[in-house]
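Subject: Structure handover

Hi,

Here is the structure I promised to pass on to you. My notes on it follow just below.

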Amino acid sequence: MLNTIRQIVLCANKRHVLEQIRCASQALPQLSAEKYNVKRKAFATVQSTDVDYFKSILGNERVLTDDNDVTPFNIDWIKNCRGQSKVVLKPKTTKEVSQILSYCNQRKLAVCPQGGNTGLVGGSVPVFDEIVVNLMLMNSIVTLDEISGALICEAGCILETLDNHVRERNLIMPLDLGAKGTCQVGGNVSTNAGGLRLLRYGNLHGSILGLEAVKADGTIIDCLKTLKKDNTGYHLKHLFIGSEGTLGMVTKVAIHCPVLPKAVTVGFFGVKSFDNILKLYKSAKSSLGEILSAFEMADHDAISITVKNLNLPNPISEYPFYVLVETHGSDEGHDGEKLTRFLSKEMESGLILDGTVTSEPGKMQTIWNLRESIAGAGLVQGYVFKYDVSIPQKHYYDLVPKLKERMGDKATVVCGYGHVGDGNIHINVSVPEYTREVVSLLEPYVFEQVAALQGSISAEHGVGFRKPHYIHYSKDESALRLMRDLKTLMDPNGILNPYKVLPEVD
Ligand code: FAD
Ligand code: 2HG
Ligand code: ZN
C-alpha cells in the first residue's frame, strides 16, 4: 500500500497522466453511485451504433471500450469515486470535440469532460455510464508572444510542460500546484485552480485572457482573445472558468505569463502557534513587500506524516507549525538579504523558533517537495476526507483542534495546511476506513462551521460530485437559481457532467 501511494504522489507531481491513472487504478474503490446512493438520470445508454459513429470520426485507436483500458478513467486521484463508463474518447481537434458533443446532445448521451484527472472533488470521473471525453491529445502550443507574455495553447497541455516551455523564453506560468506534472491547463481553467502562488499572481479570472470552448450542442464559442482590455459586452470567458465542465468543454486557452523572476529565495520556518503565523504573515507583507510570492503553512502532523509516510527530509527540527515563505524578485543578493533579515528579526522577536533560507535550486526544491507532497501523504493512513475551505484569516485554524476533539480516536490524523496568504486551509482527516459513522461526524458539521465563520466550503478545488448538496452553505438560493438558469440555457439536455456542481432540486 505504501509503495502504491508513493507511486501515486510521484506520478501526480512528475509523470504523465496515463502512468498516474495506471498507478491510481491498482485497487478498485466502491462505485460512486452505490457509495453515495445516487439515482441515474434518464439519459440514453451507449449502443454499438454510437461506438461506430465515434470510431468513424476518431478512428479505432482513439475510442476506448475495453474494460481494462477504460477503468483508470473511471477512478479519481484519491480513489474516492468510481464511475461506470464504458467508453473513453480522445479527440485531437476542436472540430472533433464539437462533433462528439453535437452527436451526444442529439442522442441524449451524458458526457464527463476530463483533463489530467487530478481533481479532488470527484468532478473528473463519471458517476454512471457517462462518456469520458479526455483532452490529453489536444496538447499543442499554438503561439507565445514574448512581449506581452500571451500564451495560446490547447486545453490538454500539461501545466508543467507549459511552464518548461515558457521558462525558456524568460516567462513563467501564472499558477503552480503539486499536480503540475499531470494536470492539464483546460482542467486548471475549468476548476479555476488556485495553487501556491495565487497570492502573487492572482487567480485565473485575471490571468486567462481568452478561451475557446464547445457548448453541449457542439457550437464552438470563440473568445480566444489575447487582449488585456476588451470591454465589448459580456465577459463570456468567465462562464467557463471554474464551471467544472458543466457549461462547456474548454478546448483552447490564452493565458498571460508573468516574467521569470531573476531571483528566487525560499525560507522554511518553525513556529510556536497559529497566532504567531498570523503575526509573521503581517510582518512578511511589510518586510518583503512586492517580492513576496508565497506564504504557506502546515501544522506539525501534516509535515510529520509526509516525512514519515513518504520518507522525505524535513530541513529543520520538529515544531508545532511550519511556514514556507518564497520571494520572486530581480536581485538575488538583495532578495536573499531581505529574507535573511526577516528571519533574524523574527527569530529575535520569537515569532520564528528556527529556520532556513536558501536560493539553491536543489534545496528550494526539497522544501517545496515536502510542502507539495502533503496532499498524498495522508492516503497511506487509509481513507482521507479532504476539506478545502476559505476562512477569514483570524479564524483560519480554529476548525482543526475542534475536529481533533470531535473525531477522538476515530481519526488517525487530523491536520491542517495551506495557503495562509489566501485564507485557504486544507483540512485532511485520515481514518482507517470510510464508514457512515465517520461521515456523519464530519458532514455537514465541517460545512456548518465554515458557514458560521463566513467562509466558503470550496476555496479552490471546486464543488464537483462531492459537494453539490452542501453548496447552499456558501451560495444563496437566488445565486443558485441563476446558476440553474445558466445551465439550462447552455446545456438544455443536461448532458455535460451531470450529478456535479448543481444540487438536485427537491
Ligand atoms: P480534472 O481533474 O481532469 O478535471 C477537473 C474538473 O474540470 C472536472 O469537473 C472536469 O470535468 C473538468 N474539466 C477538465 N478538463 C476540462 C476541459 N478541458 N473542459 C471542461 N471541463 C474540464 N488544486 C488547486 O486549486 N490548488 C492546488 O494547490 C492543488 N494542488 C493539488 C495537488 C495534488 C497533488 C493534486 C492531486 C491535486 C491538486 N489540486 C490543486 C487539484 C487539481 O489538481 C486541480 O483541480 C486541477 O486544476 C485539475 O486539473 P485536471 O486537468 O487534472 O482536471
Ligand atoms: C495543496 O495545496 C492542494 O496541496 C491539495 O490544494 C490539498 O489534498 C489537499 O487537501
Ligand atoms: Zn491547495
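One definition before the metal site: a donor is an N, O or S atom within 2.8 Å of the metal (3.2 Å for Na, K and Ca), and water is not among the atoms, so sites may look incomplete. Please keep in mind that this is a predicted model, where local features need pLDDT of at least 70, side-chain atom pairs count only at pLDDT 80 or more, and totals for chains, interfaces and linings use all residues. Residues are numbered from 1 along each chain as its sequence is written, chains are lettered from A and ligands numbered from 1 in the order in which they are written, and side-chain values use heavy atoms, with hydrogens and water left out.

The zinc site

The zinc ion (ligand 3) has three protein donors, His 419 (NE2), His 426 (NE2) and Glu 460 (OE), at 1.9 to 2.1 Å. Along the chain their spacing reads H-x6-H-x33-E. Two of these donors are buried (under 20% relative accessible area, with exposed meaning over 50% and partly exposed in between; 1.4 Å probe, protein chains only): His 419 has a relative accessible area of 3%, and His 426 has 5%.

Ligand 2

His 419, His 426 and Glu 460 also appear among the residues around ligand 2, together with others including Leu 120, Arg 371 and Tyr 417. "Around" here means that a heavy atom of the residue lies within 4 Å. Several polar contacts (pairs of N or O atoms within 3.5 Å; within protein, one must be able to donate a hydrogen and the other to accept it, and residues adjacent in sequence count only if both atoms are side-chain atoms) reach oxygen atoms of ligand 2. They come from polar side-chain atoms of Lys 386 at 2.6 Å, Glu 460 at 2.9 Å and Asn 428 at 3.0 Å. Taken alone, ligand 2 exposes 300 Å², and the protein buries 89% of that (areas by the Shrake-Rupley method with a 1.4 Å probe; for residues, only the protein chains shown count as cover). Strands S15 (413–419) and S16 (424–431) each give two or more residues to this shell; helices (H or I, at least four residues) and strands (E, at least two) are DSSP runs numbered from the N terminus.

Ligand 1

How many residues surround ligand 1? There are 35, and Pro 113, Gly 115, Gly 116, Thr 118 and Gly 119 are the closest. Helix H8 (185–191) is one of the elements supplying at least two residues, and H8 gives the most, with 5. Backbone atoms take part in the polar contacts: Gln 184 lies 2.8 Å from an oxygen atom of ligand 1, and Val 250 is 2.9 Å from a nitrogen atom. The side chain of Asn 497 has an N or O atom 3.0 Å from an oxygen atom of ligand 1. Of the 970 Å² that ligand 1 exposes when taken alone, the protein buries 97%.

Backbone oddities

Most residues other than glycine have a negative phi, and most peptide bonds are trans. Against that background, the bond from Glu 443 to Pro 444 is cis, with omega near 10°. Asn 192 has a positive phi of about 50° and counts as buried, at 19% relative accessibility. Gln 454 also has a positive phi, near 60°, but is exposed, at 66%.

Best wishes
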